[in-house]
Amino acid sequence: MSDDARWMAAAASLAARGLPLSRPNPSVGAILVRDGRVVGRGWTQAGGRPHAEAMAIEMADDSAHGATLYVTLEPCAHASPRGPACADLVAAAGLARVVLGCQDPDPRTAGAGLARIRAAGIGAELHPSPEVTESLAGYLTQRTKSRPHVTLKLATSLDGGIALASGESQWITGPAARAHSHVLRARADAILVGGGTLRADAPRLDVRLPGLEARSPQRWVLTRGAAPEGWQALPSPQAIAGMVNVQYLFVEGGAQTAAAFLAADLVDRLVIYRAPIMIGGGKPGVGDIGLGSLAEAHDRWHLIDRRQLGSDTLEVYENAPCSPE
């Protein structure tokens, strides 16, 4: 791995610290490096300010002169009543070089931040990477598809069951897998279940990890009726385009809700926790998604992660874009 790739991956890791509290802004990571040593770092703070670049430059102080800035997203170029444009801060910091992980699709900045930095005589270049794309998934999905990035979580037996025929489902997976799923909840802006799951299980859908309780996401239910107190109603999967300040949506159940999002091709990521148990004749994890043939099911999901969590196995898949006809 080159030095640029290594530092950019580190900046992307910093960006994860801001999720999801940076909303409505994307969570950006920034690292200032001088003579191979980190002299400043930052990530987008709660509510969207300060920005990552501003934090890194303030931390570095005079050491920013002659340093290289690694930042996951192009510095903003538009004025805001909450703070100066980061492109101006970067241009005035005396940097030797700027490496950007991604150009900002926001039309107020797109390319303008990069041009402003170069106009100040600072060498600036794009260095895209999978780590950067992952760290900005919610923001990029919102900008390019006008909807949140959707993760569908399933906790199943080896034979794909999520409950006994009687409905008993606690617990399919062990404590390590459940803790991991709470970490994912903590990174989401909103969490959603179907009306049947809400009525049958009365789930809390909060984050129950010490120190992360305050990061419990908004609770949504897929229903054409009214939502109970403390919940919000989503009339259809397509209605996620109208969710306000939601970049990351975590869908937890049940089978018909999972099927509805899959049938609408609105799932960007599958997170599957598989327990080493057989249920047989229980309730399946996913209902009918409307496939006309097995050929339609192939080449849709790419495995990006697999790991062991106690006795359970975690598999993460990303949705492959539809091939043009």
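This text walks through a predicted model, from its two sheets to selected side-chain contacts.

Start with the five-stranded sheet. Its strands run in the order S2-S1-S3-S4-S5. The sheet is open, and its pairing is mixed. Strand S2 (37-43) and strand S5 (123-126) form the edges, each pairing on one side only. Neighbouring strands are turned against each other by 15° on average, direction ignored.

Two helices pack on this sheet. Helix H2, residues 52-60, touches strand S1 (29-34), S2 and strand S3 (68-71). The direction of H2 makes about 145° with that of S2. Helix H4, residues 112-119, touches S4 and S5. The direction of H4 makes about 155° with that of S5.

Now look at the S4-S5 pair. Strand S4 covers residues 97-100 and runs parallel to S5, with four bridges joining the two. Within this pairing, Val 99 has Glu 125 of S5 as its bridge partner.

Side chains also link these strands. Glu 125 and Arg 97 meet in a salt bridge, at 3.3 Å from N to O. Glu 125 lies in strand S5 and Arg 97 in strand S4, so this pair ties together parts that are 28 residues apart in sequence. A second salt bridge joins Asp 4 and Arg 97, at 2.6 Å from N to O. Here Asp 4 belongs to helix H1 (residues 3-15) and Arg 97 to strand S4, so the pair ties together parts 93 residues apart in sequence. Asp 4, Arg 97 and Glu 125 are thus linked in a network of salt bridges.

How buried or exposed are the members of this network? Asp 4 is buried, because its relative accessible area of 15% falls under the 20% cut-off. Arg 97 has 23% relative accessibility and counts as partly exposed. Glu 125, at 32%, also counts as partly exposed. Across the model, the count of salt bridges comes to 19.

Next comes the nonpolar interior. In soluble globular proteins, nonpolar side chains tend to be buried together. The largest nonpolar core in this model holds 36 residues. Leu 32, Leu 69, Val 90, Leu 95 and Val 98 touch the most other members. At least two core residues come from each of H1, S1, S2, H2, S3, S4, H4 and helix H6 (137-145).

Val 98 gives a view of its surroundings. Leaving aside neighbours within four places in sequence, Val 98 is in contact with Leu 69 and Val 90. Its contacts also include Ile 117, Ile 122, Gly 123, Ala 124 and Glu 125. A second, separate core has 20 residues, among them Leu 152, Leu 192, Trp 220 and Leu 222.

Turn to the other sheet. This one is open and has eight strands, in the order S10-S9-S8-S11-S6-S12-S15-S14. Its pairing is mixed. Strand S10 (232-234) and strand S14 (301-309) stand at the edges. Each has a single partner strand, so one side of each is left without a neighbour in the sheet. The twist from one strand to the next averages 25°.

Inside this sheet, strand S8 (residues 190-194) pairs with strand S9 (residues 218-222). The pairing is parallel and spans five bridges. One residue to locate is Ile 191, which stands opposite Arg 219 in S9.

Where does His 182 sit? His 182 is found in helix H7, which covers residues 175-186. Its relative accessibility is 8%, so His 182 counts as buried. The His 182 side chain reaches the backbone oxygen of Asp 206 at 3.4 Å. Not counting residues up to four places away in sequence, His 182 touches Asp 206, Val 207, Arg 208 and Leu 209.

Two of these contacted residues also pair with each other. The side chains of Arg 208 and Asp 206 meet in a salt bridge, at 2.4 Å from N to O. Asp 206 counts as buried at 17% relative accessibility. Arg 208 counts as partly exposed at 37%.

Finish at helix H9, residues 255-263. The buried residues of H9 are Ala 255, Thr 257, Ala 258, Ala 259 and Phe 261. Asp 265 follows H9 and has a positive phi, near 55°.

Note on methods
Residues are numbered from 1 along each chain as its sequence is written. This is a predicted model: local features need pLDDT of at least 70, side-chain atom pairs count only at pLDDT 80 or more; totals for chains, interfaces and linings use all residues. Side-chain values use heavy atoms; hydrogens and water are left out. Buried means under 20% relative accessible area, exposed over 50%, partly exposed in between (1.4 Å probe, protein chains only). A polar contact is a pair of N or O atoms within 3.5 Å; within protein, one must be able to donate a hydrogen and the other to accept it, and residues adjacent in sequence count only if both atoms are side-chain atoms. Contact means heavy atoms within 4.5 Å. Two strands pair if DSSP finds at least two bridges between them. Axes are lines fitted to C-alpha atoms, for helices over the stretch in contact, and angles run from 0 to 180 degrees between N-to-C directions. A salt bridge is a side-chain nitrogen of Lys or Arg within 4 Å of a carboxyl oxygen of Asp or Glu. A nonpolar core is a set of buried Ala, Val, Leu, Ile, Met, Phe, Trp, Tyr and Cys residues joined through side-chain atoms within 4.5 Å.
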